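Let's take a look at the hollows and the surface of a protein. Have the structure open while you read.

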Amino acid sequence: MDQAPGSPQGPQDAPSLPTCYRHPDRETGIRCVRCERPICPECMISASVGFQCPECVRDGSGTGHAAGAAQPRTIAGGTIAADPRLFTKILVGLNIALFLVQLRAGDRFTNNFFLIGQAPLPGLEGLQGVAEGQWYRLVTAMFLHDSHSYFHILFNMVSLWWIGGPLEAALGRARYLALYMVSGLAGSALTYLLAAPNQPSLGASGAIFGLFGATAVLMRRLNYDMRPVIALLVINLILTFGWSNIAWQAHIGGLVGGVLVGYAMVHAPRERRALIQYGACALVLLAVVVMTLVRTGQLT
């Protein structure tokens with residue numbers, strides 16, 4: 001009997017089941033929970049949930065590819081480490097160690113490494129500063145603190161520990177370190193560009209404000225309550241503009257750099273994640289270079 005259009009298909013037209021990828025002559029309705037390839041009863045290996053194929057079990061892979069492909073990842077694509085605060089501990093330790101060196105060596109040591117545009121300094125011959133080719137001061141200033149004030153380093157290190165640890169765990173070590181360094185350099189470059197040439201600047205505040213900015217972006221991405229981090233950020237901004245002897249340029253530069261890089265870290269699509277994340281870092285670094293060259297041209 002002829003089959004009218006739209007009527008149910010006959011048994012001979014029923015779609016066939018897929019065949020096992022290792023045994024093409026065997027139909028199966030079961031798939032590997034990792035790579036999703038069809039597997040027959042002979043190839044099924046029981047897992048905590050469902051069944052896995054032999055290749056995924058052997059390779060330890062979540063996709064049927066290389067074993068590393070199944071490693072747990074952070075929201076930014078970083079590898080989850082056994083100690084998620086390791087780099088934060090290193091950064092805190094490095095800042096404290098250099099502070100002790102400052103106390104021991106005195107102001108002459110600090111004068112060689114804090115950020116200054118162009119000026120004569122006690123104990124050093126001639127003009128000193130970034131404009132005189134001492135570009136390393138943009139980096140070294142990020143790890144020095146006022147050796148005449150314990151409050152300066154105490155406040156910064158508490159902030160770094162409180163903000164940095166959770167952020168490192170969320171981003172992964174490499175991305176966290178990139179964020180820290182790029183934010184700090186953005187703060188140094190904006191200070192060099194806008195501050196008076198003879199205004200000294202030092203401290204980890206620029207990098208820490210970058211961590212604040214990235215934390216706000218991350219919390220927004222995860223739909224967390226934004227009020228605590230916003231309140232803390234507002235308090236810090238009030239102190240920035242209301243307290244004398246604070247390089248507000250470093251705070252603002254670090255904050256803007258941290259927001260831009262942090263947004264790229266947590267919003268980049270998975271298929272182009274590394275390109276967008278490190279591309280954002282490169283763009284902020286390019287801005288750092290441009291600001292530095294512009295200011296150097298003004299002072300020389």
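Here is a short tour of the pockets, the cavity and a surface patch in this predicted model.

## The largest pocket

Start with the largest pocket, which holds about 1,000 Å³ of space. It has 44 lining residues, and the closest to its centre are Asp 146, His 152, Leu 202, Asn 245 and Ile 246.

Several helices chip in here: α3, α5, α6, α7, α8 and α9 each supply at least two lining residues. The largest share comes from α7, with 6 residues. Sorted by class, the lining has 18 nonpolar, 24 polar and 2 charged residues.

## The second largest pocket

Next up is a pocket with about 180 Å³ of space. Its lining includes Trp 162, Pro 166, Met 219 and Val 229. Helix α5 gives the most to this lining, with 4 residues, and α7 and α8 each supply at least two. The classes here are 8 nonpolar, 1 polar and no charged residues.

## A closed-off cavity

How many cavities of 30 Å³ or more does a search of the whole structure find? Just 1, with a volume of about 50 Å³. Among the residues lining this cavity are Leu 115, Ile 116, Tyr 192 and Gln 199. By class, its lining has 6 nonpolar, 3 polar and no charged residues.

## A nonpolar patch outside

Now for the surface, where Ile 96, Leu 100, Leu 103 and Tyr 150 form a nonpolar patch. Together they have about 400 Å² of accessible area. Helix α2 (residues 86-105) gives the most to the patch, with 3 residues. Leu 103 is found in this helix and is partly exposed, with a relative accessible area of 37%.

Conventions: Residues are numbered from 1 along each chain as its sequence is written. This is a predicted model: local features need pLDDT of at least 70, side-chain atom pairs count only at pLDDT 80 or more; totals for chains, interfaces and linings use all residues. Side-chain values use heavy atoms; hydrogens and water are left out. On a 1 Å grid over the protein atoms alone, a cavity is a set of points where a 1.4 Å probe fits but cannot get out, and a pocket is an open set with protein on both sides within 12 Å along at least five of seven lines; lining residues have an atom within 4 Å of a point. Grid points are joined across faces, edges and corners, and a volume is the space filled by probe spheres set on the points. Ala, Val, Leu, Ile, Met, Phe, Trp, Tyr, Cys and Pro count as nonpolar, Asp, Glu, Lys and Arg as charged, and the others, Gly among them, as polar. Patches are made of residues with over 30% relative accessible area and no salt bridge: like charges are joined within 9 Å, nonpolar side chains (Val, Leu, Ile, Met, Phe, Trp, Tyr) within 5 Å. Accessible areas come from the Shrake-Rupley method with a 1.4 Å probe; for residues, only the protein chains shown count as cover. A salt bridge is a side-chain nitrogen of Lys or Arg within 4 Å of a carboxyl oxygen of Asp or Glu. Buried means under 20% relative accessible area, exposed over 50%, partly exposed in between (1.4 Å probe, protein chains only).
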